[in-house]
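Reader: I'm a first-year student and I keep getting lost in this picture. Could you pick out the sheet for me, go over it closely, and then show me what sits around it?

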Amino acid sequence: MPGTELFGAEERKEVNDVMESGVLFRYNHDALRNGHWKSREFEKALADWNGVQYAHACTSGSTAVAIAMASCGIGAGDEVIVPPFTYIATVEGALLAGALPIFAEIDETLCLSADTIRKALTPNTKAVVLVHMCGSMANLDEIVALCEEKNLVLIEDTAQALGGSYKGKALGSIGKMGCFSFDFFKIITCGEGGAVITNDEALYNNAHQFADHGHDHIGDNRGMEGHPIVGFNYRIGELNAAIGVAQMRKLPYIISQQKKHKKAMQASLAKFPQITFRQIPDAEGDASTFLDFFLPDEATAKKAVQALKDAGVPAITGVQYWWENNYHYIRNWEHIREMKTAAKLLIQTVTPPQDYKTLQLPQSDAIISRLISLVVKVAWTEEQLQDLCAKMEKAMQTL
Ligand SMILES: Cc1ncc(COP(=O)(O)O)c(C=O)c1O
């Protein structure tokens with residue numbers, strides 16, 4: 001949880017600016033706000049960092065996915081390719097938009113690939129939501145080329161990969177729209193928050209309007225603004241944005257610390273021939289939030305998780321075995337497989353493109369069942385890092 005590791009006076013100062021003016025709302029009230037426009041400032045910092053023209057902040061990474069889907073024109077009945085390894089929000093975003101998810105396999109980048117997307121295509125596929133899992137990226141050149149060839153909208157769910165890049169371009173800036181999350185567990189946090197980014201002015205206009213009941217945000221009388229489209233309320237508040245403003249300034253430090261720490265951790269595990277590492281298409285662009293590695297088979301992976309526990313690694317950092325996680329891999333998504341919903345969704349009124357109950361994803365199973373991810377923290381001292389490496393090595397020696 002890098003962002004939260006560095007909470008301090010900077011975040012408090014930004015929040016106090018808002019508290020002192022009392023304007024918690026992101027729009028209007030110009031005279032009262034003492035010149036503080038935290039949401040706008042946060043958006044400018046995000047756009048600049050990611051090298052794009054537009055950023056629009058919202059309430060969460062989940063609502064960022066919803067905004068991206070709507071802004072890119074993906075809705076009722078549209079088929080959308082999604083990965084089975086993500087946080088469940090990616091899939092929910094498609095379902096709640098009325099779209100029909102199609103699960104494609106991942107490869108050892110831990111993301112979708114052009115090959116697996118191609119195999120899942122149907123004549124009705126409209127979009128791909130590509131998730132850059134655990135701080136690193138997919139093989140983007142091939143995926144972008146396929147999306148261009150097949151006229152598919154590419155949305156990047158970059159919730160876990162702020163600060164990552166591919167061949168010099170920020171992750172999230174390569175498709176039509178990128179989505180970010182700033183929840184409590186992310187690279188930087190607003191407590192709760194999210195954002196979409198794009199270089200397309202029309203998509204940006206869709207985004208800020210959709211995220212605020214269709215308001216066109218022209219003029220200074222909110223009640224008299226135009227409403228070109230139907231929207232909803234996904235507005236970020238000034239208090240959350242204020243935290244984001246302070247956290248964005250810390251992002252370069254966060255990324256550089258993560259890179260340094262991950263390198264040391266990887267050097268430790270590289271001593272063990274049975275361990276292999278996740279494929280990273282552009283190592284320079286790895287945000288390095290996790291060290292992801294594979295054991296030869298599921299049984300050894302389970303043994304390794306236990307050995308890491310026995311060696312005391314979880315007291316220093318998070319040990320994720322996603323195969324047994326209820327929210328990040330499809331194996332345990334029985335609510336999706338059986339489409340248990342509070343109220344009827346569009347997908348329940350049509351024949352879905354896949355039978356989720358019986359869907360098999362053997363390639364993804366073979367990858368996720370062998371995968372362990374260790375959280376890379378920012379604020380470790382050299383001593384703590386060495387202690388961690390020693391404990392990891394001790395654990396691996398027992399396999
Ligand atoms: C890949 C991915 N997409 C979307 C989200 C949703 O973000 P939030 O928790 O801010 O709604 C997350 C959060 O974990 C995520 O990891």
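**A close look at the sheet**

Author: Let's start at a loop that leads right into a strand: N151 is found between α7 (140-150) and β5 (153-157). Keep in mind as we go that this is a predicted model. The backbone does something worth spotting at N151, where phi is near 55°, a positive value in a residue that isn't glycine. N151 also counts as exposed, because it has just 8 C-beta neighbours inside 10 Å, and the cut-off for exposed is 12 or fewer.

Now follow the chain into β5 and look sideways. You're in an open sheet of 7 strands, and reading across, the order is β1-β9-β8-β5-β4-β2-β3, with mixed pairing. The two edges are β1 and β3 (100-103), and each of them pairs on one side only. The sheet isn't flat like a tabletop, either: on average, neighbouring strands are turned by 25° against each other, ignoring direction. A helix packs on the sheet too, namely α3, which touches β1 and β9 and whose direction makes about 135° with that of β1.

Let's go to the β1 edge. β1 joins β9 (residues 194-198) through 5 bridges, and the two strands run antiparallel. If you want one pair to find on screen, Y54 stands opposite T198 in β9. You might picture an edge strand as hanging out in the open, so check the burial here: 5 of the 5 residues of β1 (residues 54-58) are buried, so the strand is largely enclosed by the rest of the structure. In a regular strand the side chains alternate between the two faces of the sheet. In β1 both faces are covered, with Y54, H56 and C58 buried on one side and A55 and A57 buried on the other.

Then hop across to the other edge. There, β2 (residues 79-82) and β3 pair in the parallel sense over 4 bridges. V82 stands opposite F103 in β3, which gives you a second pair to look for.

So what's packed around these strands? One good example is helix α8 (residues 201-210): 7 of its 10 residues are buried, so α8 is largely enclosed by the rest of the structure. The buried ones are L203, Y204, N206, A207, H208, Q209 and F210. Among the things covering them are three strands of the sheet, β1, β8 (177-181) and β9, along with helix α4.

α4 turns up again when you look at the ligand. There are 15 residues around the ligand, and those that come nearest are G61, S62, Y87, A159 and S181. Two helices, α4 (61-71) and α5 (89-96), each supply at least two residues of this shell. α4 gives the largest share, with 3 residues. Sorted by class, the shell has 5 nonpolar, 8 polar and 2 charged residues.

For a closer peek at α5, find G93, which lies in that helix. G93 counts as buried, because it has 28 C-beta neighbours inside 10 Å, where 20 or more is what it takes. Leaving out residues up to four places away in sequence, G93 touches S62, V65, A66 and M69. Now look further off to F293: it is 200 residues away from G93 along the chain, and their C-alpha atoms are separated by 29 Å.

One more loop is worth a stop. H29 is in the loop between α2 (9-21) and α3 (38-50). Its phi is near 55°, again a positive value in a residue other than glycine. With 15 C-beta neighbours inside 10 Å, H29 counts as partly exposed.

Finally, zoom out. The domain assignment gives domain 1 (2-250) and domain 2 (252-330 + 362-397). Taken over C-alpha atoms, the centres of domain 1 and domain 2 are 27 Å apart. Their contact takes 30 residues from domain 1 and 29 residues from domain 2. On the domain 1 side, α1 (2-5) and β6 (165-166) each supply at least two of the residues that touch domain 2. That side of domain 1 divides into 16 nonpolar, 9 polar and 5 charged residues.

Technical notes. Residues numbered from 1 in each chain as written. Predicted model: local features only at pLDDT ≥ 70, side-chain atom pairs only at ≥ 80, totals over all residues. Pairing = 2+ DSSP bridges. Axes fitted to C-alpha atoms, helices over the stretch in contact; angles between N-to-C directions. Contact = placed C-beta atoms within 7 Å. Near = placed C-beta within 6 Å. Nonpolar A, V, L, I, M, F, W, Y, C, P; charged D, E, K, R; others polar. Domains from an automatic or database assignment.
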